Amino acid sequence: MLEIVHHPDYVAPPPSRGSFAFDKYYLVMEAVREILPDHRMHRPRPMDRQWLEAVHDPDYVDEVLNAAVPADKERRIGFPVSEKIASRVQYTSGGTWLAAQLAREHGYAANSAGGSHHALADTGAGYCVFNDLAVTANRLSAEGDARRILIVDLDVHQGDGTASLLAGREDIFTLSVHSARNFPVRKARSSLDIALEDGTADEEYLGIVDRTLDKVLSDFAPDMLLYQAGVDPHADDRLGRLALSDNGLEQRDRMVIRKAHDRDIPVASALGGGYGQDHKAVAMRHARSIMAMADEARRG
């Protein structure tokens, strides 16, 4: 059975400015219900402020929670931060943390949102307000739920915020495999970055991920894996520059789960990026990603 975290507040009203489509998160759950009826939904609590402030600048956290984010930061984020958005990002951070707790119990669990890997200490960026991956990893470590945490980021965009927020941590390893010429223009330094050329397709991509995961899992020996499972490396993605097929994405996601479970490492996935004019098609891509991971976990 799939353990999946979702909250109605993941779906915020359309912003007055910007092009981000929050209806994706409703559509993802509709697609999950359609193709994977054998699931159990869990509702997260909002992430406590103390854990947000353990990673983000307290002044920035205050700006977000009071819906008083300056205009220049809202431009970097890509939409205004309303009271609804402020509530949403507390729940999405709480959702990734809850998925990690469920993964510790069941082996794999998914958050139907999250993966906000561009958010930095004192500002959001690239549609990301709070960095749920960094917040969750820090909390897991601080509360003794994991000793060594690996964040695998296979979104088409580099996880610059995650890399910056967790730089220098010996207990957290950040791996980003991304498009070299895509956002952000100025990359951060992850524990390990692999930048791919435009048009990289299934065979080359999967070979790189295969070899890289084997080495990192062996050398770092994590006991928890957080997976940013963005589907924007797909060839049809509006903001991607890679060329994975549906089958390539499925093989990628199964590979992450299989390699982790072969080493008895629980995996919690966050939704990550996926963009296109056909929101239902993008949502189905995410749902199939979750379905593939749940199926591989069940087999393991």
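In which helix is F220 found? In this predicted model, F220 belongs to helix α8, which covers residues 202-220. With a relative accessibility of 7%, F220 counts as buried, because buried means under 20%. If its neighbours within four places in sequence are left aside, F220 is in contact with R148, I149, L150, E170, D171, I172 and F173. G126 stands 94 residues away from F220 along the chain, and the C-alpha atoms of these two residues are separated by 29 Å.

From F220 we can turn to the helix that holds it and to its partner. The axes of α8 and α9 come within 10 Å and cross at roughly 10 degrees, which means that α8 is roughly parallel to α9, since angles under 35 degrees are counted in that way. On the α8 side the contact is made by D202, Y205, L206, V209, D210, L213, D214 and L217, and on the α9 side by G248, Q251, R252, M255, V256 and K259. Many positions in such a list can be understood from a general rule: an α-helix has 3.6 residues a turn, so residues three or four places apart point the same way. Sorted by class, the contact of α8 with α9 has 7 nonpolar, 2 polar and 5 charged residues.

Helix α9 also leads to the sheet, for α9 lies across β3 (108-111), β7 and β8 (267-270), and runs at about 175 degrees to β7. The sheet itself is open and has 8 strands in the order β2-β1-β3-β8-β7-β4-β5-β6, with parallel pairing. At its edges stand β2 (39-42) and β6 (192-196), each of which has a single partner strand, so one side of each is left without a neighbour in the sheet. Neighbouring strands are turned against each other by 15 degrees on average, direction ignored.

At the β2 edge, strand β1 (residues 2-5) pairs with β2 in the parallel sense over 4 bridges, and I4 stands opposite M41 in β2. Helix α1 (residues 23-35) lies across β1 and β2, and runs at about 155 degrees to β2.

Between β7 (224-228) and α9 (246-261) there is a loop in which H234 lies. H234 counts as buried, because its relative accessibility is 4%, and beyond its neighbours within four places in sequence it is in contact with L242, L244, S245, D246, L249 and R285.

A last stop is helix α6 (residues 132-142), where 9 of the 11 residues are buried, so this helix is largely enclosed by the rest of the structure. Among the buried residues of α6 are D132, N138 and R139. Just after α6, G144 takes a positive phi of about 75 degrees.

Terms used
Residues numbered from 1 in each chain as written. Predicted model: local features only at pLDDT ≥ 70, side-chain atom pairs only at ≥ 80, totals over all residues. Heavy atoms only, no water. Helix = DSSP H or I, 4+ residues; strand = E, 2+ residues; numbered from the N terminus. Buried < 20%, exposed > 50% of the residue type's maximum accessible area, 1.4 Å probe, protein only. Contact = heavy atoms within 4.5 Å. Axes fitted to C-alpha atoms, helices over the stretch in contact; angles between N-to-C directions. Parallel < 35°, antiparallel > 145°, perpendicular 65-115°, else oblique. Nonpolar A, V, L, I, M, F, W, Y, C, P; charged D, E, K, R; others polar. Pairing = 2+ DSSP bridges.
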